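Here are my notes on the model, set out as numbered points for you to check against the sequence and the coordinates. They take up the cysteines and then the sheet with a helix that lies across it.

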Amino acid sequence: MVACEFSGIVREAFKAKGHDAWSCDLLPTEILGQHIQGDVLNILNDGWDLMIAHPPCTYLAVSGLHWNTRVPGRPQKTEEALLFVKKLMDAPINRIAVENPVSCISTRIRKPDQIIQPWFFGEDASKKTCLWLQNLPSLKDTNRLYEKTRRGNQTPSGQNKLGPALDRWKERSRTYLGIANAMADQWGGD
Ligand SMILES: C[S@@+](CC[C@H](N)C(=O)[O-])C[C@H]1O[C@@H](n2cnc3c(N)ncnc32)[C@H](O)[C@@H]1O
């Protein structure tokens, strides 16, 4: 089960390998397929053998935490977001991967087991991504691109190229295909 996935990208990577893969999100799925639209917390006990979760990072990412001292009510949102992550990590599922950018999960819950980049998996993009793993091996690089200071998704100053737009978060949050394929190949089993 791919929790908090509207794109269907990881779900379809597992499906292509023959797995009975489902995604779950409050939003509808972008690719028609096995999708449960609703709160993932309601289906954690449904007998899944593997969960890959992409919880929202808005109130967790280190890059945005400085707002917590300026915006009233924001620290509470961070606490709620941490509680959501904790519930996912504590789900009664044997194999669990939780994915997030560099975030306060590391200081408040535990350090990540692995930090990956899309360019370890053939994608010309930079996005430091942490993985918290339970009963799963670290992902092995599948196609590590050469080191360079700027990737295809970055401006010369290293920022993400996508400008402000209403659905910018969506564009930025879709899982990279190279990473999805590595997850399906290496965590899907036979
Ligand atoms: C950072 S995005 C992850 C997107 C994902 N990487 C993808 O490719 O679709 C986080 C997602 O979590 C979803 N979400 C938030 N709370 C949820 C909940 N309680 N149950 C299911 N999905 C939830 C949001 O709707 C959002 O689409």
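1. The model is a predicted one, and in it the count of disulfides comes to zero. Cysteine 4 takes part in no disulfide, the nearest cysteine sulfur being that of cysteine 24, at 7.1 Å; seen from the other side, cysteine 24 is likewise in no disulfide, and its nearest cysteine sulfur is that of cysteine 4. The 7.1 Å separation should be read against the cut-off, since a pair of sulfur atoms has to lie within 2.5 Å to be counted as a disulfide.

2. As for exposure, cysteine 4 is buried, with a relative accessible area of 17%, and cysteine 24 also counts as buried, at 1% relative accessibility. The value of 17% for cysteine 4 may be set beside the limit, because buried means under 20%.

3. Seven strands make up an open sheet of mixed pairing, in the order E3-E2-E1-E4-E5-E7-E6. The edges are held by strand E3 (35-37) and strand E6 (114-116), each of which has a single partner strand, so that one side of each is left without a neighbour in the sheet.

4. Within this sheet, strand E4 (residues 50-53) pairs with strand E5 (residues 95-100) in the parallel sense, over four bridges; alanine 53 stands opposite valine 98 in E5.

5. Which strands does helix H2 lie across? Helix H2, residues 74-89, lies across E4, E5 and strand E7 (129-134), and it runs at about 155° to E5.

Terms used: Residues are numbered from 1 along each chain as its sequence is written. This is a predicted model: local features need pLDDT of at least 70, side-chain atom pairs count only at pLDDT 80 or more; totals for chains, interfaces and linings use all residues. Side-chain values use heavy atoms; hydrogens and water are left out. Buried means under 20% relative accessible area, exposed over 50%, partly exposed in between (1.4 Å probe, protein chains only). Two strands pair if DSSP finds at least two bridges between them. Helices (H or I, at least four residues) and strands (E, at least two) are DSSP runs, numbered from the N terminus. Contact means heavy atoms within 4.5 Å. Axes are lines fitted to C-alpha atoms, for helices over the stretch in contact, and angles run from 0 to 180 degrees between N-to-C directions.
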